[in-house]
Amino acid sequence: MNRLIPSFVRTGVRTGVLMGVRFTALVPVVAFVVAASGLLSACGGGGGAGGAGGTADALAPASSAVAQIDARVTQAFASASIAGMSVRIMDRNDQVVYNKRLGTFTEDQRIAVASASKLVSAMVIFRLIEQNQLSLESTTGQMLGWTGPKADITVRHLLSFTSGLEPEAACTANPALTLQECAATLADRAALALPATRFDYGGAHMQVLGAMAEKATGKSWNAIFQEQLAAPMQLSTLARYSTFPRAESGSTNPLVAGGLKLSTAEYVNLLRLAFHKGTTGGRSLISAARFDQQGVEPYPAVTVGKSPMADAGLPFRYGLGAWLECATPAAGCSAISSPGAFGFTPWLDRNVGYYAVIAMEAGDTDSGVSRFSVRLAQDLKPLIAQALR
């Protein structure tokens, strides 16, 4: 077990030694106790510090709770076959509650975040709705010329994965196509159900949604992303969607639901925007009403088909581009998440007052969620609440 030997300094400077690596952090004038810990994340390029033992900054009013967070993170990392990972927890004032890097992982390396892309893609769509280029009621018939029952599929259906379309489609993995061509093939496929009657988690819904956004703006999905979110949030131009994000292959048919590649630090900036309901740096990019709508399950009576959360034994339902982690999704949830199959797992809880990311890039597919990181997030939730009391 890794051990941290802390020094207690009344001047507000804390020092410690972790696996032979010394760190110093400025803290309030309080006693500080923390055990060394581990977190989830792997692969990528990048810079920044961090080694096999990792580094930790734990800033919170309840140091014993932070020590429990650290112990759980350490145990999780030790039990997993992961080259590296990171956990960052921020409070409602954007102050660090806990931040740890383990193994070879750094927060500056660019990684494929898989289904964590969905939360970001939803915010891109919210921006277009704010500008009246789309609405939640815009249909595939209006935007893409679809006919028959599928012409009634709306943006709301696509964001909530209740379009009735098959959730996965081979065209989403074809980098030779355009997003418009992929969506056209989906128009020709038989639907599983009528809109608003069945929930199926998968990438096909958002691929159609991306095609609608392209039609509305006359721009490519990546150009829309850069204009609507990346540039206003000062992300690198390297932050982008691809058909195969790990290889950064396929720019004309990017996987809207799972193809984003960027750094953890950049994703945290986007998650901060979501936590504060569209406000950043004193300005509003997206109205709070969009995030209120996001936190409500729009069609509570749907039949649940494909649901990786249900497969993992969790009762969570889905809102607009995010999982709803509460017992009353039809009334609205303050806690939402968007975990990905490679282990990258962002979540936030506005009632408790924090947002957090388990960052890693492991696994082989992006067809669901990583049970490892989802369960670690569930284990951390009560400990975070205790730390913030």
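Is E248 buried, partly exposed or exposed? In this predicted model, E248 counts as partly exposed because its relative accessible area is 35%, between the limits of 20% and 50%. The legends below start with the whole chain and then visit several close-up views, with E248 returning near the end.

**Figure 1. Welcome to the whole chain, with its 11 helices and 18 strands.** Before zooming in, take a moment with the overall picture. The chain has 389 residues, and 58% of them count as buried. Among contacts with a separation of 6 or more, 69% are between residues 24 or more positions apart. The structure also holds 2 disulfides, and counting the bonded cysteines along the chain gives the pattern 1-2, 3-4.

**Figure 2. Helices α2 and α6 come together at a crossing of roughly 30 degrees.** Helix α2 covers residues 117–130, and helix α6 covers residues 204–217. Their axes come within 11 Å. An angle under 35 degrees counts as roughly parallel, so that is the description that fits α2 and α6. The crossing of the two helices is left-handed. To find the contact, look for K118, S121, I125 and L128 on α2, and for M206, L209, A213 and T217 on α6. By residue type, this contact of α2 with α6 has 5 nonpolar, 2 polar and 1 charged.

**Figure 3. Helix α6 also packs with α5, at an angle of about 125 degrees.** Here the axes of α5 and α6 are 9 Å apart. The angle makes α5 oblique to α6, and α5 passes α6 in a left-handed crossing. On the α5 side, the contact is made by L179, Q180, C182, A183 and L186. On the α6 side, the partners are A204, Q207, V208, G210, A211, E214 and K215. Sorted by type, the residues of the contact of α5 with α6 are 7 nonpolar, 3 polar and 2 charged. Keep an eye on C182, which comes back in the next view.

**Figure 4. A disulfide links C171 and C182.** The sulfur atoms of this pair are 2.1 Å apart. The torsion about the S-S bond is about 60 degrees, so the disulfide is right-handed. Where do the two cysteines, C171 and C182, lie? C171 is in the loop between α4 (155–159) and α5 (179–187), while C182 is in helix α5 itself, so the bond ties together parts that are 11 residues apart in sequence. C171 counts as buried because its relative accessibility is 8%. C182 counts as buried too, with a relative accessibility of 0%.

**Figure 5. A second disulfide joins C326 to C333.** In this bond the S to S distance is 1.8 Å. The torsion about the S-S bond of C326 and C333 is about -65 degrees, so this disulfide is left-handed. C326 has a relative accessible area of 24% and is partly exposed. C333, at 10% relative accessibility, counts as buried.

**Figure 6. A173 sits in the loop between α4 and α5.** With 42% relative accessibility, A173 counts as partly exposed. Which residues does A173 touch, leaving aside those up to four places away in sequence? The answer is T243 and F244. You can also look for N253: A173 and N253 are 80 residues apart in sequence, and their C-alpha atoms are 8.3 Å apart in space.

**Figure 7. N132 and E248 have positive phi values.** Most residues other than glycine have a negative phi. The phi of N132, however, is near 60 degrees. N132 is found in the loop between α2 and α3 (140–144). With a relative accessible area of 70%, N132 is exposed. The phi of E248 is near 55 degrees, again a positive value in a residue other than glycine. E248 belongs to the loop between β9 (240–241) and β10 (260–263). That brings us back to the opening question, where E248 was described as partly exposed.

Key: Residues are numbered from 1 along each chain as its sequence is written. This is a predicted model: local features need pLDDT of at least 70, side-chain atom pairs count only at pLDDT 80 or more; totals for chains, interfaces and linings use all residues. Side-chain values use heavy atoms; hydrogens and water are left out. Axes are lines fitted to C-alpha atoms, for helices over the stretch in contact, and angles run from 0 to 180 degrees between N-to-C directions. Helices (H or I, at least four residues) and strands (E, at least two) are DSSP runs, numbered from the N terminus. Angles under 35 degrees count as roughly parallel, over 145 as roughly antiparallel, 65 to 115 as roughly perpendicular and the rest as oblique. A crossing is left-handed if the near helix is turned anticlockwise from the far one by less than a right angle, and right-handed if clockwise. Contact means heavy atoms within 4.5 Å. Ala, Val, Leu, Ile, Met, Phe, Trp, Tyr, Cys and Pro count as nonpolar, Asp, Glu, Lys and Arg as charged, and the others, Gly among them, as polar. A disulfide is a pair of cysteine sulfur atoms within 2.5 Å. Buried means under 20% relative accessible area, exposed over 50%, partly exposed in between (1.4 Å probe, protein chains only).
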